[in-house]
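Student: Could we work through this model residue by residue, and then step back to the whole chain?

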Amino acid sequence: QVQVVESGGGLVQTGGSLRLSCTASGNIFSIKTMAWYRQAPGKQRELVASITDDEEANYADSVKGRFVISRDSARTFLQMNSLKPEETAGYYCNAVLLPVATMRWSDYWGQGTQVTVSS
């Protein structure tokens, strides 16, 4: 059974920082890409940052220079600096991986962690 679990959300003031963590666990053969998405109430889920297995990172324009994604095997981290109130959202981890059970590339999502930025 493959699981993706996030942690590290919380309440922070405008301009503050938070570090999110995500771990993919279970019988996994390989992980291609890990990514962070966010979804605010009434809005579509959007990509924040992604990182490949050879550590190539990609960022949404709105977070470039403030957020840093990193990866350590089956874990990914999102360091978020200079946070803004409009970035209040549920943050979700996504992993594109190859479970041993199926040997087919599949998307797995975590349950999400809430980030609230107070003004």
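Student: Is Asn-94 buried or exposed, and in which strand is Asn-94 found?

Tutor: The model is a predicted one, and in it Asn-94 has a relative accessible area of 4%. Since buried means under 20% relative accessible area, Asn-94 counts as buried. As for the strand, Asn-94 is found in β9.

Student: Which residue does the side chain of Asn-94 meet in a polar contact?

Tutor: Not counting residues up to four places away in sequence, Asn-94 touches Thr-33, Met-34, Ala-35, Tyr-37, Asp-107, Tyr-108 and Trp-109. From the side chain of Asn-94, a polar contact of 3.0 Å leads to the side chain of Asp-107.

Student: Is Arg-38 buried or exposed?

Tutor: Arg-38 belongs to strand β4, which covers residues 28-39. The relative accessibility of Arg-38 is 7%, and the class that follows from this value is buried.

Student: With which side chains does the side chain of Arg-38 make polar contacts?

Tutor: Once neighbours within four places in sequence are set aside, the residues in contact with Arg-38 include Gln-44, Arg-45, Glu-46, Val-48, Phe-67, Glu-87 and Tyr-91. The side chain of Arg-38 makes a polar contact of 3.3 Å with the side chain of Glu-87, and another polar contact, at 3.1 Å, with the side chain of Tyr-91.

Student: What is the separation between the C-alpha atoms of Gln-114 and Ser-7?

Tutor: Gln-114 lies in strand β11, residues 113-118, and with a relative accessible area of 42% it is partly exposed. Along the chain, Gln-114 and Ser-7 are 107 residues apart. In space, the C-alpha atoms of Gln-114 and Ser-7 are separated by 9.1 Å.

Student: Which backbone oxygen does the side chain of Gln-114 reach?

Tutor: Leaving out residues up to four places away in sequence, Gln-114 touches Gly-9, Gly-10, Thr-88, Ala-89 and Gly-90. The side chains of Gln-114 and Thr-116 are joined by a polar contact of 3.5 Å. The backbone oxygen that the side chain of Gln-114 reaches, at 3.5 Å, is that of Ala-89.

Student: Where is Asp-72, and with which side chain does the side chain of Asp-72 make a polar contact?

Tutor: Asp-72 is found in strand β7, which covers residues 67-72, and its relative accessibility of 39% makes it partly exposed. The C-alpha atoms of Asp-72 and Asp-53, which are 19 residues apart along the chain, are separated by 9.4 Å. The polar contact from the side chain of Asp-72, at 2.7 Å, is with the side chain of Arg-75.

Student: Which residues is Thr-23 in contact with, leaving aside its neighbours within four places in sequence?

Tutor: Thr-23 lies in strand β3, residues 18-25, and is partly exposed at a relative accessible area of 34%. With those neighbours left aside, Thr-23 is in contact with Gln-3, Val-4, Val-5, Ala-74 and Arg-75.

Student: What is phi of Ser-82, and what is phi of Met-103?

Tutor: Ser-82 is found in the loop between β8 (75-80) and β9 (89-99), whereas Met-103 lies in the loop between β9 and β10 (106-109). Ser-82 is partly exposed at 37% relative accessible area, and Met-103 is likewise partly exposed, at 43%. Neither residue is a glycine, yet phi is positive in both, near 50° for Ser-82 and about 55° for Met-103.

Student: Turning to the whole chain, how many helices and strands does the chain have?

Tutor: Read along the sequence, the pattern of the chain is β-β-β-β-β-β-β-β-β-β-β. The count is therefore 0 helices and 11 strands.

Student: What radius of gyration does the chain have, and why does this agree with a compact globule?

Tutor: For 119 residues, a compact globule would have a radius of gyration near 14 Å. Along its principal axes the C-alpha trace spans about 45 × 25 × 20 Å, and buried residues make up 40% of the chain. The radius of gyration agrees with the globule value because the chain has 14 Å.

Student: How far apart are the mean positions of the positive and negative charges of the chain?

Tutor: The chain carries 11 positive and 11 negative charges. Averaging each set gives two mean positions, and their distance from each other is 3 Å.

Methods:
Residues are numbered from 1 along each chain as its sequence is written. This is a predicted model: local features need pLDDT of at least 70, side-chain atom pairs count only at pLDDT 80 or more; totals for chains, interfaces and linings use all residues. Side-chain values use heavy atoms; hydrogens and water are left out. Helices (H or I, at least four residues) and strands (E, at least two) are DSSP runs, numbered from the N terminus. Buried means under 20% relative accessible area, exposed over 50%, partly exposed in between (1.4 Å probe, protein chains only). A polar contact is a pair of N or O atoms within 3.5 Å; within protein, one must be able to donate a hydrogen and the other to accept it, and residues adjacent in sequence count only if both atoms are side-chain atoms. The radius of gyration is taken over C-alpha atoms; the globule rule is 2.2 Å times the number of residues to the power 0.38. Lys and Arg count as positive and Asp and Glu as negative; His and the chain ends are not counted. The place of a charge is taken as NZ of Lys, CZ of Arg, CG of Asp or CD of Glu. Contact means heavy atoms within 4.5 Å.
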